[in-house]
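Got the structure open in your viewer? Let's walk through it together, one selection at a time.

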Amino acid sequence: MPTIGIIGGSGLDNPDIIKDATTLRVDTPYGNPSSLLRVGTIGSNRVIIIARHGHSHEYSPTEVNYRANIYALKHQGADCIIATTACGSLRAEIERGDFVLLDQFIDFTRKRINTYHESFASGAVHTPMADPFDSALRAHILDCAGRVGVKCHPRGTVVTIEGPRFSTRAESMMFRSWGADVINMSVATEVALANELAIPYAAIAMSTDYDCWKTDEPPVSWEKIVRIFEQNAQRMIALLRMVVETLK
Ligand code: ADE
């Protein structure tokens, strides 16, 4: 029976899906994770949940201790990680409330430690990153999305920006021209680190806005992201529950 790590993003920092949850305070060589770990079961599988931005959303995307989060999950026995994230859509066909199963990233962050191998004192490490998201997990999630009846795009390239500000219109247009489908502030860092620790990782992104490239509507705002995420959180929870319960 696998242990599944869940990293809950904005709006799903604390999904209430675990039975008999206990909380665990852990420390890592990289410092404390963003939140206490909530450990319990869903179906017959063990689940460990971390709130990416802290339980009160107190950590900005730059401040999140991504290394501690991934390390803590690995150390507590997670066999894989499923992350949720809000994202902006860079494509007309990815509508508000749609889910996107990410398969590629473009890293546009600037101020984060995004590796466990800053020093090569003990030897050089260059981790392959051609296909960073786990294909078996993605296939399973897509199958579950069909069973739960939620609209889920089977692939998508995410561009992760540093934040906390949103993009300018010129940046948004540029990301579209680069082939990015959605935009967020966390996933590239997280999935790269998971690959360095060899933990299969998949991310379910929920589209909450059209960033600012679409000039026939007002640009994204944080208030709107939160509103759309709250409106759709139950669908994400239903999907997560099915994904975890049926994972072998
Ligand atoms: N998260 C949700 N919407 C976003 C956007 N437009 N840009 C960056 N991160 C986001």
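The tour below goes from one helix to the cores, then to the ligand and two single residues. Keep in mind that this is a predicted model.

**Stop 1: helix α2**

Start by selecting residues 135-148, which make up helix α2. Put a distance between the C-alpha atoms at its two ends and you should get 20 Å. That agrees with the 20 Å expected for 14 residues at 1.5 Å a residue.

Now colour Leu137, Arg138, His140, Ile141, Cys144 and Ala145: these are the buried residues of α2. Turn the view until you look down the helix axis. The buried residues fall within an arc of 160 degrees, so they line one face of the helix. Here is the general idea behind that: an α-helix has 3.6 residues a turn, so residues three or four places apart point the same way. Swing round to the other side, and you'll meet Ser135, Ala136, Gly146 and Arg147, which are exposed.

What covers the buried residues of α2? Show β5 (80-89), β6 (99-101), β8 (152-153), β11 (201-209) and α5 (222-245), which are included in that cover.

Before moving on, check both ends of the helix. At the N-terminal end, Asp134 acts as a cap, with a side-chain oxygen 3.3 Å from the backbone nitrogen of Ala136. After α2 comes Gly149, and its phi is positive, near 85 degrees.

**Stop 2: the nonpolar cores**

Next, select Ile70, Leu102, Phe133, Val187 and Tyr201. In the largest nonpolar core, which has 34 residues, these five touch the most other members. β3 (37-42), β4 (45-51), α1 (66-75), β5, α4 (187-196) and β11 each supply at least two residues of this core. Which of the elements gives the most to this core? That's α4, with 6 residues.

Apart from this core lies another one, of 32 residues. Ile42, Cys144, Ile237 and Leu240 are among its members. You have already coloured Cys144, as one of the buried residues of α2.

Zoom in on Leu102 for a moment. Beyond its neighbours within four places in sequence, Leu102 is in contact with Phe133, Arg138, Gly156, Val158, Val182, Val187, Ala203 and Ala205. Arg138 should look familiar too, being another buried residue of α2.

**Stop 3: the ligand**

Select the ligand and show what surrounds it. There are 13 residues around it, and Gly88, Asn184, Asp209, Asp211 and Ile225 come nearest. Try these three distances:

- From a polar side-chain atom of Asp209 to a nitrogen atom of the ligand: 2.7 Å.
- From an N or O atom in the side chain of Asp211 to a nitrogen atom of the ligand: 2.8 Å.
- From a polar backbone atom of Gly88 to a nitrogen atom of the ligand: 3.2 Å.

**Stop 4: His153 and Thr3**

Jump to His153, in strand β8. Is His153 buried or exposed? Its relative accessible area is 16%, under the 20% cut-off, so His153 counts as buried. Its side chain has a polar contact of 2.8 Å with the side chain of Asp98. Leaving out neighbours within four places in sequence, His153 also has Glu93, Ile94, Phe99, Val100 and Leu101 among its contacts.

Finish at Thr3, in strand β1 (residues 3-8). Thr3 is buried as well, with a relative accessible area of 8%. Look for the polar contact of 3.2 Å between the side chains of Thr3 and Arg46. With neighbours within four places in sequence set aside, the contacts of Thr3 also include Ile48, Gly77, Ala78, Asp79 and Cys80.

Terms used:
Residues numbered from 1 in each chain as written. Predicted model: local features only at pLDDT ≥ 70, side-chain atom pairs only at ≥ 80, totals over all residues. Heavy atoms only, no water. Helix = DSSP H or I, 4+ residues; strand = E, 2+ residues; numbered from the N terminus. Expected span 1.5 Å × (residues − 1). Buried < 20%, exposed > 50% of the residue type's maximum accessible area, 1.4 Å probe, protein only. Arc of directions from axis to C-beta. Contact = heavy atoms within 4.5 Å. Polar contact = N/O pair within 3.5 Å; in protein donor to acceptor, adjacent residues only side chain to side chain. Core = buried A, V, L, I, M, F, W, Y, C linked by side-chain atoms within 4.5 Å. Near = heavy atom within 4 Å.
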